[in-house]
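Here are my notes on the model you passed along, point by point. Have it open as you read.

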Amino acid sequence: MRTGEQLGTYQDFTTCIQATATRSNGELACKPATDTSTAAPTTTEVTPEAPSPAILQPATTAAPVMSAGLQIDASALPLPDVGLAFDRVQATSETAPASDIGAFRTTCDFSHMAFDDPIVYPGQAGAAHLHTFFGNTGTNANSTAESLRSTGNSTCRGGTINRTAYWVPAMIDMTTRKPIRPDVGNFYYKQGYSLTPSSVIQPLPAGLRMIAGDPRNAAPGGTDYRFKCIGGPNASNDQYGETIPNCDAGAQVVQEIFFPQCWDGKNLDSPDHKSHMSYPVLSGSGRACPSTHPVAIPEVSFNIAYTVPTPGAAKSWRLSSDMYDSQLPAGYSSHGDWFNGWKSDISDTWAKNCVESTKDCHSHLIGDGRMMY
């Protein structure tokens, strides 16, 4: 996301996260405008709604009530979301308008929290700092590309067409030592503002995983994340910072994370979980993927929102990975993890018809006469 980002026929991002936060049933507030199409979904495009099978819940670790690091009250984790157990795709007559930048977006509700990280600590349950997960409800330390693709419900629009795992360090209220449940996660897949417009964007490789940001960072200078306030009398949506801001009561603290979009074309992961990916580099009058990482994929970015309940509350918030001097500003360790779990036929379609074709597919269109719901 960049300044002025719009959700098309959806409410804008500010209204989206505010409305989602007020819903008692946990249903996502960002809904598309009513589709007036008379076209009926075809049976090959829609999985009929059926009774949900047994819910695959994440494997939880019996963490101590007061966990190490930030002394998190691990007995206060919010209840997990059961998610959706079926595909949610249907026909639509709505078409995506032309755009200055090819864009596809999706909204995912909170899924669960766990002391797991299947990218950095695969098979080691409880080895990580506390993470907040979105998307695949079954994500845990033992998750693999195959398990994410084929099992678990999804908290994302479109249901199980998108079993991708998205996670960030948990936000902790240090006055209570309790983790904070986010309002919503908005996830963007775009042509990218760094690459030259003529760049060819390839679909997402199945099983790809990557990390943006540095959980060990304890100083200013981060370029792949930022924070801002949305809402409240003192908010300015165009002002960003490297630390968690003291947003007004009722406003949202929004954490944005930007992933590298240049892939080496060979490895789905690397020993440091970063070397197989690269950010665009200067090339002539613009930017391009370097020769070592020649394959441009959609630029993934996270937008995670948290409502501030009372005046000054955010001053005591820290990320679970902020394990540096508590007298320093919070948020320097901001980072995110992304593990592809999209159905390839769906992600290949929106990559071609939305991102590569320079169309704005908002947060529901796939670009081929179908929409997620």
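1. A disulfide here is a pair of cysteine sulfur atoms within 2.5 Å. Keep in mind that this is a predicted model. By that rule the count comes to 4 disulfides, and I go through some of them below.

2. Let me start with Cys-262 and Cys-289, a disulfide with an S to S distance of 2.1 Å. The torsion about its S-S bond is about -80 degrees, so this disulfide is left-handed. Cys-262 sits in strand S12, while Cys-289 is in the loop between strand S15 (286-288) and S16, so the bond ties together parts that are 27 residues apart in sequence. Are these two cysteines buried or exposed? Cys-262 is buried, with a relative accessible area of 0%. Cys-289 also counts as buried, at 19%, because the cut-off for that label is under 20%.

3. Staying with Cys-262, have a look at its sheet. Cys-262 has Ser-278 in S13 as its bridge partner. Strand S12 (residues 262-263) and S13 run antiparallel and are joined by 2 bridges. The sheet is an open one of 3 strands, in the order S13-S12-S16, with antiparallel pairing. Which strands stand at the edges? They are S13 (277-278) and S16 (295-296); each has a single partner strand, so one side of each is left without a neighbour in the sheet.

4. The loop between S12 and S13 holds His-273, and I would pause there. His-273 is not a glycine, yet its phi is positive, about 65 degrees. The residue is buried, with a relative accessible area of 13%. Arg-177 makes a nice companion: it is not a glycine either, and its phi is also positive at about 65 degrees. You will find Arg-177 in the loop between strand S6 (171-173) and strand S7 (178-180). Unlike the buried His-273, Arg-177 is partly exposed, with a relative accessible area of 31%.

5. Next, the disulfide between Cys-108 and Cys-156, with an S to S distance of 2.0 Å. Its S-S torsion is about 100 degrees, so this one is right-handed. The bond links distant parts of the chain, 48 residues apart: Cys-108 belongs to strand S2 (residues 103-108), and Cys-156 to the loop between helix H2 (145-150) and strand S5 (165-169). Both ends are buried: Cys-108 has a relative accessible area of 0%, and Cys-156 has 1%.

6. Cys-229 and Cys-247 form another disulfide, with their sulfur atoms 2.0 Å apart. The torsion about the S-S bond is about -90 degrees, so the disulfide is left-handed. Cys-229 lies in strand S10 (residues 225-230) and Cys-247 in the loop between S10 and strand S11 (252-258), so parts 18 residues apart in sequence are tied together. Cys-229 and Cys-247 are both buried.

7. Strand S4 (residues 131-135) deserves its own point. How many of its residues are buried? The count is 5 of the 5, so S4 is largely enclosed by the rest of the structure. S4 runs antiparallel to strand S3 (residues 110-114), with 4 bridges between them, and there His-112 stands opposite Phe-133 in S4. S4 also runs antiparallel to S5, this time with 5 bridges. Thr-132 has Val-168 in S5 as its bridge partner.

8. A small point on Lys-190, which is part of strand S8 (residues 184-190). This lysine is buried, with a relative accessible area of 1%. Its side chain makes a polar contact of 3.2 Å with the side chain of Tyr-193.

9. Last, the largest pocket, which holds about 440 Å³ of space. What lies closest to its centre? Of the 25 lining residues, those are Val-120, Tyr-121, His-129, Pro-215 and Arg-216. Strand S9 (209-213) and strand S19 (335-339) are the elements that give two or more residues to the lining. As for chemistry, the lining divides into 11 nonpolar, 8 polar and 6 charged residues.

Definitions and conventions
Residues are numbered from 1 along each chain as its sequence is written. This is a predicted model: local features need pLDDT of at least 70, side-chain atom pairs count only at pLDDT 80 or more; totals for chains, interfaces and linings use all residues. Side-chain values use heavy atoms; hydrogens and water are left out. Buried means under 20% relative accessible area, exposed over 50%, partly exposed in between (1.4 Å probe, protein chains only). A polar contact is a pair of N or O atoms within 3.5 Å; within protein, one must be able to donate a hydrogen and the other to accept it, and residues adjacent in sequence count only if both atoms are side-chain atoms. Two strands pair if DSSP finds at least two bridges between them. On a 1 Å grid over the protein atoms alone, a cavity is a set of points where a 1.4 Å probe fits but cannot get out, and a pocket is an open set with protein on both sides within 12 Å along at least five of seven lines; lining residues have an atom within 4 Å of a point. Grid points are joined across faces, edges and corners, and a volume is the space filled by probe spheres set on the points. Ala, Val, Leu, Ile, Met, Phe, Trp, Tyr, Cys and Pro count as nonpolar, Asp, Glu, Lys and Arg as charged, and the others, Gly among them, as polar.
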